[in-house]
Each structure stands twice: as C-alpha cells, then as structure tokens.
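Got your viewer open? Here is a short walk through the model, one selection at a time.

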Amino acid sequence: MYMMSRYEQVASGSEAHHGRVRYGLTAAFALLVVIWASSFLEGWKRRAKVLALDWGALDDALAAVAKEHVKFSEDAMRRGFYTADGLWVDLSADTQSAPPGRGRSKVWRPTAEDAELLGASHTSRWSSASRRMRRVSVSVAVVVLMGLACVLTITAIMVLRLWFVRRGYSTVYVAIINAAAIEVFNSVWRHIALALTSWENHRLEKRFRDALVFKMFAFQFINCYFSFFYLAFFRRHDGTLFGLARSANLATDRCGGLDCMYQLRQQLLISLLFNFVVGTANETLRPVRKAAITKLKACLKRASRRVDVEPEADEVRLDAIAAKRRQKERLTPAEERLYEQNELIVDIVAQYDLPELKAVEFGLSPTFYEFNELALQFGYIVLFSAALPAAAGLALLNNLLELRLDSVKVLKLTRRVPATSDSKGIGAWRSILLFLTYVGLGTNLGI
C-alpha cells in the first residue's frame, strides 16, 4: 500500500510538472506570435513604401484617392465642386448669401466675389449626403441582424455538440458542420455586402473600398471567431451555453485546463483544413468549370449550324479570329494560317474583348477577395494559434500552394489585360490586420 501511494504521488507530481512546462511553452509561443505579428505589419508597411517609391506611385496614388467610383450615380448636376476632404462647395446663386440652416453645416458657401473667382458656372455631379447616411444606417442594421443570425446558428451547432456528447458520438462531425456553416455565411455575406455598399452610392472609389472592407470584416469577425472565443474563454466559466443546455436537459459544457485547449485545438485544426481544401478547390475549379461550359456551348453551336464556305484569305479578319478563340470555336484553315502568323496580336485582342471580372467591374482590385482570405487566415493564426502551434505551418504550406495555383489562374484561366491602377499600400486591410494584432495580444494573454 505504501508503494502504491508513493507511486501515485510521483505520477501526480510528474503530471503537474509536465503541465507547468506545457503552460510555459504555450505562453512563450503566444509571446512569439504577438512579436511576429507586429514585426510583420511594420515590415509590410516599409516594403509597400519602397515599392511605391520604386514604381513612382506615391504622387499618382494621391490622384487615385479622389477618383470617382464607377457605380456612383449623381442625384443632380449642381453648380459647385467637392474638395479633397469630400466637402461640397456650393456655388449656386440662391445659396451664396443664405445663412447655413439646419442640416447645412457641411456645405461651404463662398461670397459672391469668391464664387466669381472659383468659377460660378462650374457644375459637378452632386449626391445627397443625408440620403447616403440613411442608407449607411440601414446597412449597419443589416450587419447587426446578420451577426445575430450567425450567432444563433453557431449556438445551435454547439447545442448539437452537447447532444452528440450525451449520445457518445464523436464531436469531429460537429466541428466540420461548424466550419461548413462559417464558409456558407462568408460566401453569402460577400454578395450582400457588395450589394449594400453599391446601394450606399459612395462617390469616391477609396470610400467605396473602405466601406466594403469594414462591412465585410465586421460580420466575418463574428462569424469566424465567435465559436473560438466561446471555447477559449466562456466555456470554462459557463458550461450551460448561456442557459440553453439546462433548458434542453443536456449535460453541462464546462471544461477545465487541457480539455478546453483540446476542444479549441480540434476546432481550429478542422476549420483551417476545411478552409484550405474548400477555398483551394473553389478557386481552382471555378475557372475550369467556366472554361468547360464555354467550350461545350461552342461545340453545341458548331454542331447545330450548317458548314459555311471557307472565306478567302483576304476576307479573314483578326477580330473575328479573336472572337472565335474567345468562344473556343474551331478555326477554318485560312484562319488557322493567319492565326499562326499573328498569334500574339490575336490573343491580346481576345483578352481585351473578355468581360471584366466582377471585382474590377465594381471598382475593386482583382486580388481584393484574396486579401480578404489572407486577413481571415491572419486572424486565426494571431488570435488562437497558441492552442495549435502547427497552425502557422499549415498556413504557410497553404499559402505556398495557393501562390502557384493563383499564378496558373491569373496567367492562364482568367487572364485579362487590366488597366493600370497605382496604389501606395493595401488600404483599409492594414487597419484590419492592426486590429487583429491588438486583439491577438489580449487572446494570447487569456489563453
């Protein structure tokens, strides 16, 4: 009996020692993640400045800030103009001498002499600021409602996990369901956020991009990280899912110590793997699917029409060959010979005739949604990788693979001849990454 009790004391002491070592290593890794995130942002900012200086984009970027958005629709043509700060300068004769009334505090009215110097005959596209603010308020309400719907859905999934635990089933399936729900909500919200931002009718392209970035991330922060915050911080104190487990007659969900870390680690691993697999397959297969559908339509069109007489060589035009190449149609022998002689020109003409990407059509960069995915991945690593240190390695492998896949997609599958657009940074995405770094400091201290 003495030997058994002695063995149990030694075993318990060894477990306590290993627990202290594990907690110490976790704290050291969390500190390393925070330092890396801060250094990464500062290095990225410095690199962006160097590239903008090398390409001469610092001065041109200032002009790009005041560029009007392609989807901007004016309410009227009025005599006046907008300043660089977005302040409307009214040059109409009926308001120059009128005192600023209610709701007119953001309108500067020059005197008659100043208006004459500025050019009172100048007219600009004008939009109502009060109408835009009302629309922005509606958009904020939609974000809040969608966030509540997301929270309720994830809470229901957590209740389902308690039901699985009570029945003795594996919780891996529930983690997969949670990751799938997050992906579905993100996909749906992208379309809703783009429609809402277009409806708000922002005049400047930069304002449109910033509004879309903040609107998308405000919802995605709740959607992607709510379940992780619950597993990391609330579950150890409130194991009843805010009273739902007790009302549903289910077991409590309270955990302690390493069990909380295990559930958080499992959810993070499955979410990262699910995003990697689904995101890579979606980005890769979507252009391939579109190309296959285009080729199938060309085959059906060619099979349903009669065979035309081959045109003479002088009747063949390069734009007709480019159109056929774009539609994946078969060329005649004369067109084949001309195409071989002017292959580069025909391919460039075909690319110019391709429709714009949806992001470019709304005044966004072609890589806008790639930045969104990287920002969400950055959040997973900075906020919760202390529970799964291997998450950083998985993210690195995914980015290396996606770098090659994106190069194939951009250079072959969705190649365009884009109009040049200068930029001196990543815009509002830097504010998002900086916010995640500050929040990551708190989460790593709490974990």
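Helices here are DSSP runs of H or I with at least four residues, strands are runs of E with at least two, and both are numbered from the N terminus. With that in hand, select E370, which lies in helix α14. Before going further, two notes on what you are looking at. This is a predicted model, in which local features need pLDDT of at least 70 and side-chain atom pairs count only at pLDDT 80 or more, while totals for chains, interfaces and linings use all residues. Residues are numbered from 1 along each chain as its sequence is written, and side-chain values use heavy atoms, with hydrogens and water left out.

**Stop 1: the whole chain**

Zoom out for a moment. The chain has 16 helices and four strands. Of its 447 residues, 36% count as buried, where buried means under 20% relative accessible area, exposed means over 50%, and partly exposed is in between (1.4 Å probe, protein chains only). The accessible surface is about 26700 Å², and carbon and sulfur atoms make up 63% of that; areas come from the Shrake-Rupley method with a 1.4 Å probe, and for residues only the protein chains shown count as cover.

Now think about contacts, meaning heavy atoms within 4.5 Å. Among contacts in the chain with a separation of 6 or more, 75% are between residues 24 or more positions apart.

**Stop 2: back to E370**

Is E370 buried or exposed? Its relative accessible area is 18%, so E370 is buried. Show what surrounds E370: setting aside neighbours within four places in sequence, E370 is in contact with E283, D406 and K409.

**Stop 3: α14 against α16**

Select residues 368–384 for helix α14 and 428–446 for helix α16. Two packed helices are described by the angle between their axes and the distance between the axes. For α14 and α16, the axes come within 8 Å and cross at roughly 15°; axes are lines fitted to C-alpha atoms, for helices over the stretch in contact, and angles run from 0 to 180 degrees between N-to-C directions. So α14 is roughly parallel to α16, given that angles under 35 degrees count as roughly parallel, over 145 as roughly antiparallel, 65 to 115 as roughly perpendicular and the rest as oblique.

The crossing of these two helices is right-handed. A crossing is right-handed if the near helix is turned clockwise from the far one by less than a right angle, and left-handed if anticlockwise. To see the contact, show side chains including F368, F371 and F378 on α14, and W429, L433 and L436 on α16.

**Stop 4: α7 joins in**

Keep α16 and add helix α7, residues 205–234. The axes of α7 and α16 come within 11 Å and cross at roughly 15°, so α7 is roughly parallel to α16. This crossing is right-handed too. Residues making the contact include F214, F217, F221 and Y225 of α7, along with W429, F435 and V439 of α16.

While you are on α7, pick out F229. At 18% relative accessibility, F229 counts as buried. Beyond neighbours within four places in sequence, F229 is in contact with F221, F234, F384, V439 and T443. Try a distance from F229 to F384: they are 155 residues apart along the chain, yet their C-alpha atoms are separated by 8.9 Å.

**Stop 5: the loop before α7**

Go to N201, in the loop between α6 (172–200) and α7. Most residues other than glycine have a negative phi, and most peptide bonds are trans. N201 has a positive phi, near 60°. N201 is also buried, at 12% relative accessibility.

**Stop 6: T280 in α9**

Helix α9 covers residues 258–304, and T280 lies in it. T280 is buried, with a relative accessible area of 16%. Leaving out neighbours within four places, T280 is in contact with N275, N398 and L405. Its C-alpha atom is 7.0 Å from that of E402, 122 residues away along the chain.

**Last stop: the cysteines**

How many disulfides does the structure hold? Zero, counting a disulfide as a pair of cysteine sulfur atoms within 2.5 Å. Select C150 and you will find its nearest cysteine sulfur, that of C224, 8.0 Å away. C150 is buried at 0% relative accessible area, and C224 counts as buried at 1%.
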